[in-house]
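Hi everyone, thanks for making time this morning. I'd like to walk you through the strands of one model, so let me put it on the screen.

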Amino acid sequence: MQSDVPAVGVFCPTFLKPEMWHVYRQIVGPKRVQIEAFAFKLENPDRFPFARIHLTPRSNFRWARRIWYQQILHSPQVALPSEWAAFGKLARVCQIRLLHIYFGNNGVFWLPLLRNREFPIIVSFHGADVAVGFSTPGGQRRLRQVFAEADLLLARSDSIRASMIAAGCNPDKIRIQRTGIPTSEFRYRPRTVPDVGQFRLLQACRLIKKKGVEITLRAFAKFVQRRPDSRLVIAGDGPLREALEQLTEQLGLGSSVEFTGFLGKEQLLERYYQSHLFIHPSETTSAGDNEGIPNSLLEAMATGMCCIATRHGGIPEAVEHLRNGILVDERDAEGVYRWMNELAGNFPLAVDLGRQAAETISQEFDSETQIQKLESTYLGLIR
């Protein structure tokens with residue numbers, strides 16, 4: 001490492017889950033600092049190649065900790081002394097000048113490290129990590145402790161910032177850090193009217209409740225009755241896949257819907273360009289889980305695809321109704337269907353909205369601009 005390039009540690013417990021392209025871009029993108037990644041376990045190394053990954057030791061007594069915190073204290077778990085001491089030692093070996101912890105729940109886990117830190121620590125929040133797991137008094141107290149101890153807190157959307165303030169965070173400690181999309185890779189390409197009504201619709205996401213895939217399927221079931229040659233692709237995987245595949249059969253969609261599982265970047269990009277409309281009807285779950293701004297939504301917009309999404313979380317910060325996309329209310333399958341049908345019948349409108357969407361991403365969510373902003377945040381705290 002060059003002596004004039006400071007080392008910045010990034011912690012994410014799994015390096016990296018298949019959907020974590022937004023984290024990966026922020027790890028490989030910086031040029032003015034050297035990123036050292038820390039994790040408990042390594043996954044998908046072919047998907048996310050990175051040379052400087054350090055596995056952080058875990059205690060053999062974490063089973064006892066889980067029982068103590070979850071069943072007795074009803075509180076999120078925190079690191080044991082051996083764990084945070086080992087992490088601190090590893091950080092010193094790597095000459096870390098600053099640590100960036102991804103997700104609020106991991107900030108809670110490393111509270112002992114925050115309290116005994118030898119360098120500035122940033123904790124970033126991305127959506128569910130403001131609410132899920134913090135419903136008990138103990139959980140809320142731990143979350144407020146993270147707010148108090150961290151040197152700086154990052155939120156990926158204004159809606160998440162508002163949730164953090166509502167949970168007790170000092171507004172002055174929060175900085176907005178958008179997810180960046182590499183527009184040099186996700187290039188704008190205007191769509192053309194498909195032959196004989198063969199519309200291709202796409203949703204790309206992890207198959208969990210807040211993504212609203214059930215709403216997409218129910219809306220498409222009505223759409224395909226009028227346009228039987230249309231197809232819907234669900235790109236992604238997750239715990240709800242089997243249930244969603246069963247719903248697909250119950251709705252009589254059969255071969256009209258394809259579940260692809262998680263796709264590589266090039267494969268997903270190809271699906272974006274093959275599709276005419278992108279659907280992402282996010283919804284807030286009963287546990288309070290919600291979105292910042294979905295990465296796949298931003299990627300689809302960058303390629304010039306018209307998107308139908310919901311007034312949910314941070315989505316309206318990227319999508320403005322009838323200016324660069326379509327917004328409906330949460331859980332409004334009928335509304336999603338109506339706009340599927342409207343855009344299919346007036347495809348020049350979809351093309352125009354897609355063009356405006358690509359301009360929005362270029363102006364407000366460009367990856368290079370956001371990486372430079374993140375680097376400046378790092379360097380400002382180090383100095």
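Let's begin with strand S11, residues 231-235, where 4 of the 5 residues are buried, so the strand is mostly covered by the definition of under 20% relative accessible area. Bear in mind that this is a predicted model.

Who are the partners of S11? On one side there is strand S10, residues 200-204, which pairs with S11 in the parallel sense over 5 bridges. Within that pairing, Gln-203 has Ile-234 of S11 as its bridge partner. To get from S10 to S11, the chain passes through helix H8, residues 213-226, in a right-handed β-α-β crossover.

S11 also pairs with strand S12, residues 257-261, again in the parallel sense, over 4 bridges. Here Ala-235 is matched with Gly-261 in S12. The link from S11 to S12 goes through helix H9, residues 241-250, and this β-α-β crossover is right-handed too.

Now for another sheet. This open one has 7 strands with parallel pairing, in the order S5-S3-S1-S6-S7-S8-S9. Which strands stand at the edges? They are S5 (53-55) and S9 (174-176); each has a single partner strand, so one side of each is left without a neighbour in the sheet. On average, neighbouring strands of this sheet are turned by 25° against each other, direction ignored.

Let me finish around S9. Strand S8, residues 152-155, pairs with S9 in the parallel sense over 3 bridges, and Leu-153 stands opposite Ile-174 in S9. Helix H7, residues 158-166, lies across S7 (121-125), S8 and S9, and runs at about 170° to S9.

Thanks, happy to chat!

Note on methods. Residues are numbered from 1 along each chain as its sequence is written. This is a predicted model: local features need pLDDT of at least 70, side-chain atom pairs count only at pLDDT 80 or more; totals for chains, interfaces and linings use all residues. Side-chain values use heavy atoms; hydrogens and water are left out. Two strands pair if DSSP finds at least two bridges between them. Helices (H or I, at least four residues) and strands (E, at least two) are DSSP runs, numbered from the N terminus. Axes are lines fitted to C-alpha atoms, for helices over the stretch in contact, and angles run from 0 to 180 degrees between N-to-C directions. Contact means heavy atoms within 4.5 Å. Buried means under 20% relative accessible area, exposed over 50%, partly exposed in between (1.4 Å probe, protein chains only). A crossover is right-handed if, with the strands pointing away from the viewer, the path from the first strand over the helix to the second runs clockwise.
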